[in-house]
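Q: Could you walk me through this structure feature by feature, giving the general idea before the particular case?

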Amino acid sequence: DWWSSTLPKSMAKPKSQQKCDPTLVYGDVNLDCAFSVKDVLYTQYYYTGTPQYVSSTTALQLTKMDPTLNGGPPDGVDITYLISALGDKRRFLVVNQSPAGDLIRVSSSNVT
């Protein structure tokens with residue numbers, strides 16, 4: 001993929017992680033099935049308008065770039081939150097809504 005081709009071989013995603021479900025990994029912006037500094041960098045590149053990142057970012061990735069759940073494109077607060085979560089200073093919030101749509105449960109999750 002284009003992301004791996006832009007990284008030095010030492011930073012490319014391991015083959016053991018290529019078949020996971022990226023929706024299950026909190027903070028995994030680049031969808032390599034791991035939350036790392038690469039995800040923070042991806043968000044920073046998107047935030048600064050780097051064309052290759054802006055043009056290829058998916059809706060799932062935009063959702064993962066919004067750990068503060070304030071909606072909209074990522075901002076400095078989102079980037080700071082991702083950095084803090086990477087350093088174990090913040091946790092990700094998980095919002096679950098009942099099937100009937102009337103109950104919302106918010107819980108925190110450790111970085112996986």
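Q: How many salt bridges does the structure hold, and how is a salt bridge recognised?
A: A salt bridge is a side-chain nitrogen of Lys or Arg within 4 Å of a carboxyl oxygen of Asp or Glu. The structure, which is a predicted model, holds one: D32 pairs with K38, and their closest N and O atoms are 3.5 Å apart. Local features here need pLDDT of at least 70 and side-chain atom pairs count only at pLDDT 80 or more, whereas totals for chains, interfaces and linings use all residues. Side-chain values use heavy atoms, with hydrogens and water left out, and residues are numbered from 1 along each chain as its sequence is written.

Q: Are D32 and K38 buried or exposed?
A: Buried means under 20% relative accessible area, exposed over 50%, and partly exposed in between, with a 1.4 Å probe and protein chains only. By that rule both D32 and K38 are buried, and of the 112 residues of the chain, 33% count as buried.

Q: Which elements make up the chain, and in what pattern?
A: Helices (H or I, at least four residues) and strands (E, at least two) are DSSP runs, numbered from the N terminus. The chain has five helices and two strands, and its pattern along the sequence is α-α-α-α-α-β-β.

Q: Which residues of helix 2 are buried?
A: An α-helix has 3.6 residues a turn, so residues three or four places apart point the same way. In helix 2, which spans residues 37–47, the buried residues are K38, D39, V40, Y42, T43 and Y46. Just after helix 2, G49 takes a positive phi of about 85 degrees.

Q: What is the largest nonpolar core, and which helix gives the most to it?
A: A nonpolar core is a set of buried Ala, Val, Leu, Ile, Met, Phe, Trp, Tyr and Cys residues joined through side-chain atoms within 4.5 Å. The largest one has twelve residues, among them V29, F35, Y53, M65 and F92. Helix 2 and helix 5 (76–86) each supply at least two residues of this core, and helix 5 gives the most, with four.

Q: What else can be read from helix 5, including its ends?
A: Its buried residues are D78, I79, Y81, L82, S84 and A85. At the N-terminal end of helix 5, D75 acts as a cap, with a side-chain oxygen 3.1 Å from the backbone nitrogen of V77, a polar contact being a pair of N or O atoms within 3.5 Å, where within protein one must be able to donate a hydrogen and the other to accept it, and residues adjacent in sequence count only if both atoms are side-chain atoms. Helix 5 is followed by D88, whose phi is positive, near 60 degrees.
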